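The following paragraphs lead the reader through one protein structure. Please keep the sequence and the coordinates at hand while reading.

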Amino acid sequence: GGRGAHRARPAGRGGTRARRRSGALGPPPRPPRLLASYPPLRRVRADGEPRGAMADDAGEGHVQQVRFVTRLPDELRVPRAPLAVPARLARYGLSEVVNSLLAAAGKGGGRTRPFDFLIEGELLRTTLEGALLAKGLSAERVVELEYVPAAAPPEQQSRRKQSDWVGAVAGLAASPGGDAAPLVVTGSYDSVVRLHDPASGDVLASCAGHSASVVAAAALGDAKGELVATAAKDATVRLWRAARAGGGKVELQAVAEIDAHADAAQCVAAGAGGRRLLTGGWDGAARLWDVASVIEGEADGGDGDEGEGEGDTKRRRTARGARAGAKGASRGDAVAHTSRAGALLTLEGHSQCVSGAAWLQGGSSAAVTASWDRSLRLWDIESGKETRAPLYATKAVHALDAQRCGSGGLVATGGVDP
């Protein structure tokens with residue numbers, strides 16, 4: 001009986017094959033298909049074997065074909081040929097691959113550099129596999145990864161507590177000859193503008209020319225590197241000079257005041273090598289100012305009040321800085337003329353507070369403004385007209401910066417939306 005049962009097994013196997021041929025059991029399972037083999041990755045290693053993050057992922061999961069591209073100089077460019085890498089790699093592992101390719105090509109100067117990677121224009125913050133799934137990209141395609149130098153996290157050099165909220169920060173560069181160190185300018189809600197030593201955080205000079213909270217500041221980038229503009233909720237924009245004296249002493253001097261807006265001023269940006277100012281305010285307007293005209297502008301003899309004498313004018317303007325002494329700041333020279341110079345032009349289009357202004361560096365006639373009305377508007381300053389239809393955020397825009405990039409520009413915004 002046992003031998004009979006044993007002889008029945010081949011018949012059973014034969015019956016299974018017959019049923020499979022008839023389609024009753026479906027097609028036979030196919031072996032797993034890989035997009036590419038792993039050896040291309042091994043060839044880029046200096047010693048022929050994967051290390052570090054790549055070693056952890058070797059042989060695990062599938063591999064993905066990628067092409068590394070960059071806008072960096074030729075010394076940091078790798079071959080554009082597609083390369084198979086483990087799909088589980090993230091920033092660190094991909095940086096190892098790029099550094100290995102650079103070393104194999106005799107580039108990079110023997111240094112290991114950390115890189116960030118952009119996929120479809122967004123920074124890679126997961127694994128390569130995770131990014132493909134999140135974006136709905138096919139794993140069958142060759143994915144293009146643009147690599148850029150990774151920015152190291154900032155390190156705090158100094159800290160100095162202020163008497164009130166800090167509403168504005170700007171940096172004054174060192175003098176071209178190197179005989180004067182850089183400075184940091186802050187504006188606070190106590191209306192005081194202060195000059196700091198960036199190394200120690202010490203307050204070198206201060207002045208309270210504004211009569212309300214200071215909410216924006218911009219270095220003018222002039223040849224001497226000593227002019228800065230501040231905007232405040234008193235609807236004015238002020239120009240200041242950081243006068244560097246001997247022995248490392250610095251004085252903060254008020255140069256001129258502009259009655260810039262019908263309501264609180266909210267932002268200020270310097271362009272055209274420090275020759276122009278672009279301001280925005282709660283009146284929904286953005287205005288362009290010529291710095292030289294503002295500085296040379298004639299005093300109005302009393303902030304617009306006829307019959308007021310020079311002494312009364314001086315007393316009233318000096319009173320604006322009275323709180324500085326109470327706050328522990330030396331007032332400095334807070335008296336400055338209110339310039340008669342009018343705005344070169346007014347940019348109209350926003351319906352709410354103009355919260356940000358920026359120039360596209362390298363093009364003095366191109367500027368961008370942002371507003372609480374959610375819009376982002378690009379302007380040709382020469383004509384005062386918009387160069388394209390407005391762009392819209394999901395909520396109010398509170399922060400803005402811009403930079404010339406190739407033949408176009410790159411604009412970054414921040415707002416109340418998460």
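In this predicted model, strand 11 and strand 12 form a hairpin in which three residues lie between the two strands. Within that turn, Ala 235 has a positive phi of about 75 degrees. The two strands of the hairpin pair in the antiparallel sense, over five bridges. One position along this pairing is Val 228, which stands opposite Trp 240 in strand 12.

The hairpin belongs to a wider arrangement. Five strands form an open sheet in the order 10-11-12-13-17, and the pairing within the sheet is mixed. Strand 10 and strand 17 (337-338) are the edge strands, since each pairs on one side only. Strand 10 pairs with strand 11 (residues 227-232) in the antiparallel sense over five bridges; here, Val 214 has Ala 232 of strand 11 as its bridge partner. On the other side of the hairpin, nine bridges join strand 12 to strand 13 (residues 250-259), and these strands also run antiparallel. Arg 238 stands opposite Glu 257 in strand 13. Strand 12 itself (residues 236-244) is mostly covered, with seven of its nine residues buried.

Strand 10 also leads to the largest pocket. Which strands each supply at least two residues of the lining of this pocket? They are strand 6 (166-172), strand 10 (214-219), strand 14 (265-271), strand 19 (354-359) and strand 24 (397-405). The space in the largest pocket amounts to about 460 Å³. It is lined by 25 residues, of which Ala 217, Cys 267, Val 268, Ala 357 and Leu 400 are the closest to its centre. By character, the lining divides into 18 nonpolar residues, six polar residues and one charged residue.

A further feature concerns aromatic rings. A search of the whole structure finds five aromatic pairs. In one of them, the ring centres of Phe 115 and Tyr 147 are 5.2 Å apart and the planes stand at 80 degrees, so the pair is edge-to-face. Planes over 60 degrees apart count as edge-to-face. Because Phe 115 lies in strand 3 (residues 115-119) and Tyr 147 in strand 5 (residues 143-149), the pair ties together parts that are 32 residues apart in sequence. Are these two residues buried or exposed? Phe 115 counts as buried because its relative accessibility is 2%, and Tyr 147, at 0%, likewise counts as buried. Ring pairs link Phe 115 and Tyr 147 with Phe 68 and Phe 117 into a cluster.

Terms used: Residues numbered from 1 in each chain as written. Predicted model: local features only at pLDDT ≥ 70, side-chain atom pairs only at ≥ 80, totals over all residues. Heavy atoms only, no water. Phe/Tyr/Trp six-rings, centres within 6.5 Å; stacked < 30°, edge-to-face > 60°. Helix = DSSP H or I, 4+ residues; strand = E, 2+ residues; numbered from the N terminus. Buried < 20%, exposed > 50% of the residue type's maximum accessible area, 1.4 Å probe, protein only. 1 Å grid on protein atoms, 1.4 Å probe; cavity = no way out; pocket = protein on both sides within 12 Å on 5 of 7 lines; lining within 4 Å. Points joined across faces, edges and corners; volume = space filled by probe spheres on them. Nonpolar A, V, L, I, M, F, W, Y, C, P; charged D, E, K, R; others polar. Pairing = 2+ DSSP bridges.
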